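Q: Please take a close look at a single part of this model. A connected account is wanted, with the cut-offs stated.

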2 protein chains.
Amino acid sequence: MTDRIAPRSGTAFELDYGDELVVLDPEGGQVSDLVAYARADVREVISNGRTFDYEETISLTTGNALWSNRSRRMLEIVEDTAGRHDFLLTPCSVDTFRHFYPDKPAHRGCFGNLAEALAPYGIEEDAIPTAFNVFMNVPVDPAGGKIAVLPPSTSPGDQIRLRALMPLVIGLTACSAYASNGGSFKPIDYRIEPAGDDSDGDDRS
Amino acid sequence: MTDRIAPRSGTAFELDYGDELVVLDPEGGQVSDLVAYARADVREVISNGRTFDYEETISLTTGNALWSNRSRRMLEIVEDTAGRHDFLLTPCSVDTFRHFYPDKPAHRGCFGNLAEALAPYGIEEDAIPTAFNVFMNVPVDPAGGKIAVLPPSTSPGDQIRLRALMPLVIGLTACSAYASNGGSFKPIDYRIEPAGDDSDGDDRS
């Protein structure tokens, strides 16, 4: 069953070991911030630095894993029709809206949406890390290191599939920032395919 | 007064608002991992993601600030004779030694050195973030995003000067990893110039 995250909102849910999470951009051009915590101890959390260390790249796609601050693999990317995601930037927030869009209403952003969704799991605001920003298009200038935030290059139906390598709490949003989403806010779809479920006819076990 | 961090070790100390921290590479070719926490609440910590967001670059030098997870400026780089530092990668640790140097003795690395030095401030291992890796030379391949760890390009005496923009706890190391330091382990020197101290004859207030 596919669930929908409404524009500029977020949710949280659990994954068991081996579950596959599919994150899908139904209309195209929409970012989804993803964070992950170990269910056994939510102080273990995805880490962009550990991931860049072990994967030896900042461009993550099929075959790459997302690692935790305890040097363990949390999620593996097993399918990726988009091919471009960001793991450099933090979730948009009241503070980033005030900084980047001072003439627009300050939205609580992905940060506020994640904070509310993750609170029932005992996860505090300060424990929200740099997110894995699914479909986000952040080129780095090779000469000077400057970064740009461009509209996602996704088409309707593009998706990424991640396999849980430990029991996890996931936070997931439909991103709220103007630049990240080409100026318009769209939904994000996701579904969880339990370990051993080959209901899509493709037994990957 | 200049203090010396012995090869493959680390330390922690406090800065007051306005203090300037000078980190100096006495022999050249040596990395120093730096982390920072707000003294008022050590859950506030430097964040590479927030820094990349607000500074709009991954290449940080004079004029750039290091931001916290609460979207506040913690440190400003006010002088930088090296010009090249890294904020992508996490401190080396027993786990990274086992991964990258399986045939060498596993060292506790910057991570272990920081954990011991920061423990008296109530800072746990899980709260050690991606460090600001002073003098570390990590080019990003513009085409595919792959990263490399090259020897630092520093000459003896190269230094960076950071001004504290709030009361801070600082963790600082002489890095322990082979690739990061060109295969040899050297000391790091540092000194704290208190706010308002113009003992170097240069009143920057």
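Leaving aside neighbours within four places in sequence, which residues is Leu75(B) in contact with?

A: This is a predicted model, in which local features need pLDDT of at least 70, side-chain atom pairs count only at pLDDT 80 or more, and totals for chains, interfaces and linings use all residues. Residues are numbered from 1 along each chain as its sequence is written, chains are lettered from A and ligands numbered from 1 in the order in which they are written, and side-chain values use heavy atoms, with hydrogens and water left out.

With neighbours within four places in sequence set aside, Leu75(B) touches Leu15(B), Leu34(B), Ala36(B), Asn64(B), Ala65(B), Leu66(B), Leu162(B), Arg163(B), Ala164(B), Leu165(B), Leu168(B) and Ile170(B); contact means heavy atoms within 4.5 Å. Leu75(B) is also one of the residues with the most contacts inside the largest nonpolar core, which has 87 residues. Such a core is a set of buried Ala, Val, Leu, Ile, Met, Phe, Trp, Tyr and Cys residues joined through side-chain atoms within 4.5 Å, where buried means under 20% relative accessible area with a 1.4 Å probe, protein chains only. Leu75(A), Ile170(A), Leu88(B) and Ile170(B) are the others named for the most contacts there.

The two chains can be superposed: a turn of 180° and a shift of 0.0 Å along the axis lay chain B on chain A with an RMSD of 0.0 Å, by least squares on the C-alpha atoms of residues with pLDDT of at least 70 in both. The copies are thus related as by a two-fold rotation axis. Within chain B, Pro142(B) comes closest to that axis, its C-alpha at 2.6 Å. Both copies use the same surface, as 100% of the contact residues of chain B recur in chain A.

How values were computed:
Buried means under 20% relative accessible area, exposed over 50%, partly exposed in between (1.4 Å probe, protein chains only).
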